[in-house]
Amino acid sequence: MNRLSRLLALAALGACVARADKFEGLALAPPMGWNTWNTFGVNCSEALVRETADAMVANGMRDAGYVYLVIDDAWSARERDSDGNLVADPAKFPGGMKALADYLHERGFRFGIYNCAGSKTCAGYPGGRGHEFQDARTYASWGVDYFKYDWCNRGTANGPETYRIMSDALRAAGRPVVFSICEWGENKPWLWAAPVAHLWRTTGDIEPRFGRVMQILDLQAGLGGYAGPGHWNDPDMLEVGNKGLTLAESRAHFSLWCMLAAPLIAGNDVRRMTPEIRDILTNRDAIAIDRDPLGRQGFRYRADKGIEIWAKELSNREWAVCALNGGDSRTSLTLDWGGMTFLKGAYYKVTDAWAHKGVGANSSEAWAGAVDSHDVALFRLKSGY
Ligand code: GLA
């Protein structure tokens with residue numbers, strides 16, 4: 001190879017290396033928000049999103065951090081227009097997406113939308129395949145800040161390539177957008193998605209049953225090393241407050257998702273929830289564990305006879321510890337902090353993140369209590385006596 005061709009080859013390599021990745025800095029903590037799917041399925045609408053936004057201002061959810069309002073599947077017309085553009089279903093979104101985005105932005109929210117990497121979405125609406133750059137420009141023109149991209153009807157498409165193309169398209173459209181990959185963990189996105197996306201689903205869909213919540217929890221063990229500021233494992237949206245989970249189960253589900261540094265995307269009807277459910281979703285002590293700036297995902301420290309102990313390292317050498325009772329009856333439990341190896345024998349002040357008060361004098365005193373079936377105890381440990 002002569003000198004000139006070597007220089008050209010190096011320049012080409014440089015251009016590849018310099019290829020733009022996702023927009024950085026948008027999800028340094030796991031994103032929080034609300035999504036239409038878990039409760040409303042295909043019945044999304046402009047009225048629903050506006051009412052939800054108004055409710056989230058009034059009930060404190062926005063101020064607790066739930067800012068991304070995401071419209072999931074079935075928002076578009078059944079066909080693209082004659083130029084191949086996606087159009088909002090005029091019956092569901094009579095004012096159009098731009099006006100809805102403006103409504104949300106004026107109230108301090110960010111606007112999220114969904115599509116699918118296949119020829120059609122999971123619910124049978126036009127998919128994004130072959131239209132990536134055009135669609136990204138449409139989303140940018142509407143003021144979209146968060147984009148979830150699903151995996152139905154994708155034929156023989158290659159996962160990493162497909163999501164790279166959409167990420168490039170979003171980048172090319174120029175509007176900073178959080179990119180949420182939803183390929184259900186099929187291609188192990190934790191191994192390749194960090195440069196192109198801010199979060200990726202690790203499993204198939206959640207359901208409002210405690211058994212399914214526990215299954216998804218199990219599947220997160222071992223993935224912690226792949227998450228961190230700007231790139232998160234997504235164990236799917238919350239079922240907190242949905243029929244099928246008891247209050248204790250909603251509290252446990254929420255606490256564990258916080259231990260996992262999971263995106264907290266509410267999936268209930270927040271216009272009509274009980275005060276108890278609102279208190280779960282807006283528990284600032286739990287949310288602070290989820291969104292701690294260190295960005296570590298928690299790990300399962302111990303599992304024995306239905307009791308699991310999860311631990312999550314926090315910034316400033318603090319820790320969160322969650323005891324889960326996955327069994328069928330209320331169980332007495334002693335948490336001997338001194339014996340927890342990850343605490344390395346240091347002293348901590350312990351607070352209960354649900355009772356919002358100190359526990360014992362310090363970590364030299366074990367916690368002795370009981371945890372109801374399908375419930376948790378959640379603690380924050382801060383260095384000091
Ligand atoms: C898939 C996704 C869900 C939801 C539906 C919509 O199942 O995993 O989160 O977006 O599609 O059809």
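In this predicted model, the ligand occupies the largest pocket. Eleven names need not be taken in at once, but the shell can be read along the chain: Trp 37, Asp 72, Asp 73, Tyr 114, Cys 122, Lys 148, Asp 150, Cys 182, Trp 184, Arg 201 and Asp 205 surround the ligand. By class, 5 of these shell residues are nonpolar and 6 are charged, while none is polar. The nonpolar part of the shell includes Trp 37 and Tyr 114, and the charged part includes Lys 148 and Arg 201.

Three aspartates of this shell place polar side-chain atoms at short listed distances from ligand oxygen. For Asp 73, an N or O atom of the side chain is 2.7 Å from an oxygen atom of the ligand. Asp 150 likewise has a polar side-chain atom 2.7 Å from a ligand oxygen. For Asp 205, the distance between a side-chain N or O atom and an oxygen atom of the ligand is 2.5 Å. On its own the ligand has 310 Å² of accessible area, and the protein covers 92% of it.

Further along the chain is a sheet. Six strands form an open sheet in the order β9-β10-β11-β16-β13-β14, and their pairing is antiparallel. The edges are β9 and β14, the latter spanning 357–358, and each of these pairs on one side only.

At the β9 edge, strand β9 (residues 299–304) runs antiparallel to strand β10 (residues 307–313), and 5 bridges join them. Within this pair, Arg 300 has Trp 310 of β10 as its bridge partner. The two strands form a hairpin with 2 residues between them, and Lys 305 in the turn has a positive phi of about 50°.

At the β14 edge, strand β13 (residues 348–352) pairs with β14 in the antiparallel sense over 2 bridges. Here Thr 351 stands opposite Gly 358 of β14. In a regular strand, side chains alternate between the two faces of the sheet.

Terms used
Residues are numbered from 1 along each chain as its sequence is written. This is a predicted model: local features need pLDDT of at least 70, side-chain atom pairs count only at pLDDT 80 or more; totals for chains, interfaces and linings use all residues. Side-chain values use heavy atoms; hydrogens and water are left out. Two strands pair if DSSP finds at least two bridges between them. Helices (H or I, at least four residues) and strands (E, at least two) are DSSP runs, numbered from the N terminus. A residue is near a molecule or strand if one of its heavy atoms lies within 4 Å of it. A polar contact is a pair of N or O atoms within 3.5 Å; within protein, one must be able to donate a hydrogen and the other to accept it, and residues adjacent in sequence count only if both atoms are side-chain atoms. Accessible areas come from the Shrake-Rupley method with a 1.4 Å probe; for residues, only the protein chains shown count as cover. On a 1 Å grid over the protein atoms alone, a cavity is a set of points where a 1.4 Å probe fits but cannot get out, and a pocket is an open set with protein on both sides within 12 Å along at least five of seven lines; lining residues have an atom within 4 Å of a point. A molecule sits in a cavity or pocket if more than half of its atoms lie within 2 Å of its grid points.
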